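Please open the structure in your viewer and keep the sequence panel visible beside it. The tour below proceeds one selection at a time.

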Amino acid sequence: MPKTKSAKKALRVSERRKKYNLQFKQKIKALIKEIKKDTKKNNFEAIASILDKAASKNVIHKNKAARLKSRLSRLIDTKEKAQKPITKKRRAK
């Protein structure tokens, strides 16, 4: 346990920041799961803004935010392509 007044305050601040960061990370994980289940563009825009905010507040590293956005956008694109029916055009002979 901290003994000095400044160490006690530092502990309080640290616990407050830890709580805030954990809430942010849980929110990010929940949204990522939601996108993986149901891919919609508006969900992606929401998670992208939250990832940018987390990176700007140093909750996560900026490169991690960029990596997650890249992977999610690629996932959305592949799922949208899979949902579209494949039609072949026949050439007239």
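Begin by selecting S49, a residue of helix α2. The model shown here is predicted. With a relative accessibility of 44%, S49 counts as partly exposed. Now add K69 to the selection and display the two C-alpha atoms. They lie 9.7 Å apart, although S49 and K69 are separated by 20 residues along the chain.

**The salt bridge**

Keep K69 and select D52 as well. These two residues form a salt bridge, in which the closest N and O atoms are 2.7 Å apart. K69 belongs to helix α3 and D52 to helix α2, which covers residues 41-56, so the pair ties together parts that are 17 residues apart in sequence. How many salt bridges are there by this rule? The count is one. Next, colour the two partners by accessibility. K69 is partly exposed, at 22% relative accessibility. D52 is also partly exposed, and its relative accessible area is 38%.

**Helix α3**

Select residues 62-83, which make up helix α3. Its 22 residues should span 32 Å at 1.5 Å a residue, and the end C-alpha atoms are indeed 32 Å apart, so the two values agree. Which residues of α3 are buried? They are A65, L68, L72 and I76. These residues cover an arc of only 70 degrees around the axis, which means that they sit on the same side of α3. Rotate the view to the face turned away from this buried side, where the exposed residues R74, K81 and A82 are found.

Stay with α3 and select K79, which is placed in this helix. K79 has 28% relative accessibility and therefore counts as partly exposed. Add D38 and compare the positions of the C-alpha atoms. The separation between K79 and D38 is 9.5 Å, while the two residues are 41 apart along the chain.

**The loop between α2 and α3**

Select N58, which lies in the loop that joins α2 and α3. This residue has a positive phi of about 60 degrees, although N58 is not a glycine. Is N58 buried or exposed? Its relative accessibility is 66%, so N58 counts as exposed.

**Helix α1**

Move to α1, residues 5-37. This helix has 33 residues and reaches 49 Å from its first C-alpha to its last, close to the 48 Å expected at 1.5 Å a residue. Highlight V13, F24, I28, L31, I32 and I35, which are buried in α1.

**The nonpolar core**

Show side chains and select I28, I47, L51 and I60. Among the 18 residues of the largest nonpolar core, these four touch the most other members. Two or more residues of this core come from each of α1, α2 and α3. Which element gives the most to this core? It is α2, with seven residues.

Centre the view on I60 and display its surroundings. Leaving aside residues up to four places away in sequence, I60 touches K25, I28, L51, A54, A55 and A65. Two of these neighbours, I28 and L51, were also selected as members of the core.

**The whole chain**

Finally, clear the selection and view the chain as a cartoon. Its secondary structure consists of three helices and zero strands. From the N terminus on, the elements run α-α-α. Buried residues account for 23% of the 93 residues in the chain. Consider next the contacts between residues at least 6 apart in sequence: 55% of them join residues at least 24 apart.

As a last step, colour the model by pLDDT. The mean pLDDT of the chain is 87, and 89% of its residues reach 70 or more. Among the elements, α1 has the highest mean pLDDT, at 93, and α2 the lowest, at 87.

Methods: Residues are numbered from 1 along each chain as its sequence is written. This is a predicted model: local features need pLDDT of at least 70, side-chain atom pairs count only at pLDDT 80 or more; totals for chains, interfaces and linings use all residues. Side-chain values use heavy atoms; hydrogens and water are left out. Helices (H or I, at least four residues) and strands (E, at least two) are DSSP runs, numbered from the N terminus. The expected span of a helix is 1.5 Å times one less than its number of residues. Buried means under 20% relative accessible area, exposed over 50%, partly exposed in between (1.4 Å probe, protein chains only). The arc is that of the directions from the helix axis to the C-beta atoms. A salt bridge is a side-chain nitrogen of Lys or Arg within 4 Å of a carboxyl oxygen of Asp or Glu. A nonpolar core is a set of buried Ala, Val, Leu, Ile, Met, Phe, Trp, Tyr and Cys residues joined through side-chain atoms within 4.5 Å. Contact means heavy atoms within 4.5 Å. pLDDT is the predictor's confidence in each residue, from 0 to 100.
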